[in-house]
Structures are given as C-alpha cells and as structure tokens.
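Student: I should like to go through this structure term by term and ask how each label is earned.
Tutor: Please do; each answer will set a value against its definition.

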Amino acid sequence: MLGVHFAITEQQERELLQAAEKGDDAVGGLVGDLEEEWDDDAMKVDSDKAWDAIHRCLGDGTLDPDGGEYPLTHAVLGGRDLHEDYYVIYVTAGEVRDVAAAVRGLDRAWLRERFDAIDDPDYRGAGDDADFEYTWSGFADIQAFYARAADAGRAVVFTAT
C-alpha cells in the first residue's frame, strides 16, 4: 500500500468529517477526489511504502495505531481511522502541532536505532541498509511536511490504499 499525507484546509476537513458520518463509501469518494484534484505540493507528502517502517519506528515496532506514545504514533496511523477497508487516518490541527514538535528533534541516529529494533514478523521490508535509507528519506520528508502543516494550522489526513 502506498501512503500519502495531505494537510487539508478547514473546508476539506469539514467535508471529510461529514463524509465520515455517512460511511466508507462517502469517505472513499472524498479521498479519491482529494487524490485526483490535489495541487499544493507543499501540503502533501508521498511516503510510498516507507510509511510502514516509519510508523513502526515511531511506535512500538508494530502497525498498532495505539502501540507507542502520543504524539509520535499520530504521525502515521495513530489518529482517527475513518475507513474500514483501508487507511484513512485523520489528525486534528492541534495534534498536527504536537506531532510536528515531537518529530522535529529526531535525527538519523535515533531513527536508525528504532529501525534496527523492529522485530515484527509481519514487517515486509528487507530490514537492510537500503531499506533504512528509504525509510529515513520518507521520514525526513514527513518531518518537513508536519512542520509546514503545523505552521499553516491544518489538520492532516493520511491515506494508504
């Protein structure tokens, strides 16, 4: 599954939350529209497949959205899950500020230590140096993205389909 973070406007946030009240089809349609119509590269980051290892590093080594400590877990999967069949994770603007502050000081050595500690048989990455470089690149992009989203006062939606 390929992951994408969007820093959504207040209008998009309202529409997303309204769609969530209507169910998976409405959320799926809205996310599809977001993906097709998005035109602000500064308020979007593609984490491709690196989101999996990034979440594991920021949490307890698993994909459990609650496995780890807030706010780090909210960088990828720890927000409000809005869809049953695939990941559509909503993080409020306040949580975005918390995530941005928490990831700001994390460096390559910290992430490498966490990456090397992943011991989940469900992790499908290679776990080698190339996999770490891929994860680090995605994480650095997510760090910068959360800083921009927090500065803009935006909520974030993460999708992996």
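Tutor: Let us begin with a definition: two residues are in contact when heavy atoms lie within 4.5 Å. The model is a predicted one, in which local features need pLDDT of at least 70 and side-chain atom pairs count only at pLDDT 80 or more, while totals for chains, interfaces and linings use all residues. Residues are numbered from 1 along each chain as its sequence is written, and side-chain values use heavy atoms, with hydrogens and water left out.

Student: Which residues is Phe-158 in contact with, leaving aside its neighbours within four places in sequence?
Tutor: Among them are Gly-3, Val-4, His-5, Ser-47, Trp-51, Val-76 and Tyr-87. Ser-47, in strand S2 (residues 44-48), has its own contacts beyond four places in sequence, including Tyr-134, Ile-142 and Phe-158. Helices (H or I, at least four residues) and strands (E, at least two) are DSSP runs, numbered from the N terminus.

Student: Why is Ser-47 called buried?
Tutor: Buried means under 20% relative accessible area, exposed means over 50%, and partly exposed lies in between (1.4 Å probe, protein chains only). Ser-47 has a relative accessible area of 3%, and is therefore buried.

Student: What makes a set of residues a nonpolar core?
Tutor: The set must consist of buried Ala, Val, Leu, Ile, Met, Phe, Trp, Tyr and Cys residues joined through side-chain atoms within 4.5 Å. The largest such core here has 52 residues, and those with the most contacts inside it are Ile-8, Phe-139, Tyr-146, Val-156 and Phe-158. Helix H6 (residues 129-152) gives the most to this core, namely eight residues. In soluble globular proteins, nonpolar side chains tend to be buried together.

Student: Why is the pair of Trp-51 and Tyr-87 called edge-to-face?
Tutor: Rings of Phe, Tyr and Trp (its six-membered ring) pair if their centres lie within 6.5 Å; planes under 30 degrees apart count as stacked, over 60 as edge-to-face and the rest as tilted. Six aromatic pairs are found by this rule. For Trp-51 and Tyr-87 the ring centres are 5.4 Å apart and the planes stand at 70°, so the pair is edge-to-face. Trp-51 lies in helix H3 (residues 50-58) and Tyr-87 in strand S4 (residues 87-91), so this pair ties together parts 36 residues apart in sequence.

Student: How do the values classify the pair of Trp-51 and Phe-158, and what cluster do ring pairs form?
Tutor: With 5.6 Å centre to centre and 55° between the planes, Trp-51 and Phe-158 form a tilted pair. The pair links helix H3 to strand S5 (residues 155-160), 107 residues apart. Both residues are buried. Ring pairs link Trp-51, Tyr-87 and Phe-158 into a cluster.

Student: What makes Arg-56 and Asp-120 a salt bridge?
Tutor: The rule asks for a side-chain nitrogen of Lys or Arg within 4 Å of a carboxyl oxygen of Asp or Glu. The N to O distance for Arg-56 and Asp-120 is 2.9 Å, and the criterion is met. Arg-56 lies in helix H3 and Asp-120 in the loop between helix H5 (108-116) and H6, so the pair ties together parts 64 residues apart in sequence. Arg-56, at 2% relative accessible area, is buried, and Asp-120, at 18%, is buried as well. Asp-52, Arg-56 and Asp-120 are linked in a network of salt bridges.

Student: How do you know that Lys-44 and Asp-46 qualify?
Tutor: Their closest N and O atoms are 3.9 Å apart, and the pair counts as a salt bridge. Lys-44, at 25% relative accessibility, is partly exposed, as is Asp-46 at 46%. The count by this rule comes to six salt bridges.

Student: Why are Asp-129 and Arg-112 assigned to separate accessibility classes?
Tutor: Asp-129 has 51% relative accessibility and therefore counts as exposed, whereas Arg-112, at 23%, counts as partly exposed. The two form a salt bridge whose closest N and O atoms are 2.8 Å apart.

Student: What is notable about the peptide bond between Tyr-70 and Pro-71, and about phi of Asp-48?
Tutor: The bond joining Tyr-70 and Pro-71 is cis, with omega about 10°. Pro-71 is in the loop between H3 and strand S3 (80-81). Asp-48, in strand S2, has phi near 50°, a positive value in a residue other than glycine. Most residues other than glycine have a negative phi, and most peptide bonds are trans.
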